[in-house]
Amino acid sequence: MARETWGSRVGFVAASIGSAVGLGNIWMFPMRAGLYGGAAFLVPYLVLLFTVGVVGLTVEWTLGRSTKGGPIEAFAKALPGGKYLGILVNIIMIMIFAFYSLVLGWILRYFIATLTGELTKANPGAFFDALAFSKEALLWQFIVIAITVGIVAMGVQKGIERANKIMMPALFVLLIMLTIRSVTLPNAYEGLKFYLLPDWSKMMSGKTWMIALSQMFFSLSVLGTTMVVYGSYLKESDDIPLSAIATAFGDTAVAVTAGFLIFPAVFSFGVEPTAGPGLVFVTLPMVFQKMPGGIFFGMLFFLLLIFAGLSSTVSMLEVYVDSAITKLNMSRKNASVLLGLATFLVGAPSALSPSYFDWIANISTVYIGPLGALIAALALIRLGIEKAYEELRKGALIEVPEAWKPWVKYLYPIVIIVIYISQFVLG
Ligand code: PHE
Ligand code: NA
């Protein structure tokens, strides 16, 4: 059977931005920026985005399009033992979906609670404590996986592409509406100060750069998995460089804007901002309770997170569903259902045990995730940088500088290795 392709350029870019824009943008980025220097965090982030992030997208899409395969296929064609490295990153993808689906399950439950009115009355802290690690959370996690399976089972064009073409415009409208509401609240200025007041001293610390890099890779979905598979559905007439710029820009714009949504609202009502899950699941619900019409805005906010999250989870499941279709000759429907169930088995313990949740999230995102980006780069280099450069230029509307070649061959992998190692050294 011929490999599936994207139906249109717009569809491909929508799906890529959909994959990139996720909980990483709305939940993680603003908090990290607030902690690591405010506006000063944008300096390392933007520097790394242009030098490493955009390049990473071109690397993974070029690898996918030239090998016409996901990571197992692509790595096997290029590297000794590549097949096993491909299997490894598939496992990492399962682990990421496993914990991500739990968080998205909480979000689904909160969305329902804004509809039923429960969130108007409940104490948000108690509500979250009762839900977070419980049998009920397991049910919502299952629902998230089931919806994702439903979309992926419909295929690249009819499922993933179509869902993204609906969810992405809706997401942008919601984001803009909510941000305008937030920055026009009384005292919004206090929140903007917390978010943006630059602390330049933080910019000089290696830790800040390390956080910026791993945040950026995760945020762009550049882990040698999703973007390789998404690239494999590209046609030769499709443009890689401009799509990379659009995706990086869209992802970053949403992340930066999310801070403008969250902090003014929090400070306007004199609530203390908290790090981690508390920000979205405890602090913001408290804000929604105090704000006039707040539960309505809360409903829109959780809907925004649902769109952001689902467009990311489909891009996770698609990675190993594609592997099963091409390597195990399974039908798309069977692969989606079976692998959805497998993800639930791997993810279920995280709904019951906070320490398992932390373990699986850390292993997959911090310890092994960035290596996926490195393996993809090594695979592309091994296939020949000249060939890769020619592949990259096919269908490209803009001229990619020749410097792309030494950049990808030396600088890109070196930056990943240095920063990867420094995170263990710097603690
Ligand atoms: N980029 C997504 C986010 O920011 C997460 C993701 C990682 C999606 C890896 C696909 C693959 O939430
Ligand atoms: Na992101």
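# A guided tour of the model

Start by selecting Phe142, which sits in helix H8 (residues 135-153). A helix here is a DSSP run of type H or I with at least four residues, numbered from the N terminus. Phe142 has 38% relative accessibility and is therefore called partly exposed. The scale runs from buried (under 20% relative accessible area) through partly exposed to exposed (over 50%), using a 1.4 Å probe and protein chains only.

The model is predicted: local features need pLDDT of at least 70 and side-chain atom pairs 80 or more, while totals for chains, interfaces and linings use all residues. Residues count from 1 along each chain as written, chains are lettered from A and ligands numbered from 1 in written order, and side-chain values use heavy atoms, without hydrogens or water.

## Two stretches across the model

Next, select Phe127 in helix H7 (residues 124-132). Phe127 is buried because its relative accessible area is 15%. Now add Leu213 to your selection: the chain takes 86 residues to get from one to the other, and their C-alpha atoms are 34 Å apart.

For another stretch, pick Leu300, which belongs to helix H16. Its relative accessibility is 8%, so Leu300 counts as buried. Draw a line from the C-alpha of Leu300 to that of Met203 and you span 34 Å, with their positions 97 residues apart in the sequence.

## Salt bridges

How many salt bridges does the structure hold? There are 16 of them, each one a side-chain nitrogen of Lys or Arg within 4 Å of a carboxyl oxygen of Asp or Glu. Let's visit a few.

Show the side chains of Glu73 and Lys77, which form a salt bridge with an N to O distance of 3.4 Å. Both belong to helix H4 (residues 71-78), and because they are 4 residues apart there, about one helical turn separates them. Lys77 is partly exposed because its relative accessible area is 47%. Glu73 is partly exposed too, with 23% relative accessibility.

Move on to Arg332 and Glu318, whose side chains meet in a salt bridge at 2.9 Å, N to O. This pair links distant parts of the chain, 14 residues apart: Arg332 is in helix H17 and Glu318 in helix H16. Are these two partners buried or exposed? Arg332 and Glu318 are both buried.

Now find Arg393 and Glu399, another salt bridge, where the closest N and O atoms are 3.1 Å apart. Arg393 is partly exposed, at 34% relative accessible area, whereas Glu399 reaches 60% and so counts as exposed.

To finish this stop, select Arg65, Glu236, Glu391 and Lys394 together, and you have a network linked by salt bridges.

## The largest cavity

Time to look at the spaces. A cavity is a set of points, on a 1 Å grid over the protein atoms alone, where a 1.4 Å probe fits but cannot get out; lining residues have an atom within 4 Å of a point.

Select Ser19, Phe218, Ser221, Ser312 and Met316: of the 18 residues that line the largest cavity, these lie nearest its centre. Two or more lining residues come from each of helix H1 (9-20), helix H2 (23-35), helix H5 (82-116), helix H12 (206-220) and helix H16 (294-328).

## Two pockets

A pocket, by contrast, is an open set of grid points with protein on both sides within 12 Å along at least five of seven lines.

Which residues lie nearest the centre of the largest pocket? Select Met28, Arg32, Asn362, Thr365 and Val366 to see them, out of a lining of 34 residues. Colour H2, H5, H12, helix H18 (354-382) and helix H20 (404-425), since each gives two or more residues to this lining. H18 gives the most, with 9 residues.

For the second largest pocket, select Phe50, Val54, Val55, Thr58 and Ile245, which lie nearest its centre among 21 lining residues. Helix H3 (42-67), helix H14 (241-268) and H20 each provide at least two residues of that lining. Which helix gives the most here? Colour H14, as it supplies 7 residues to the second largest pocket.
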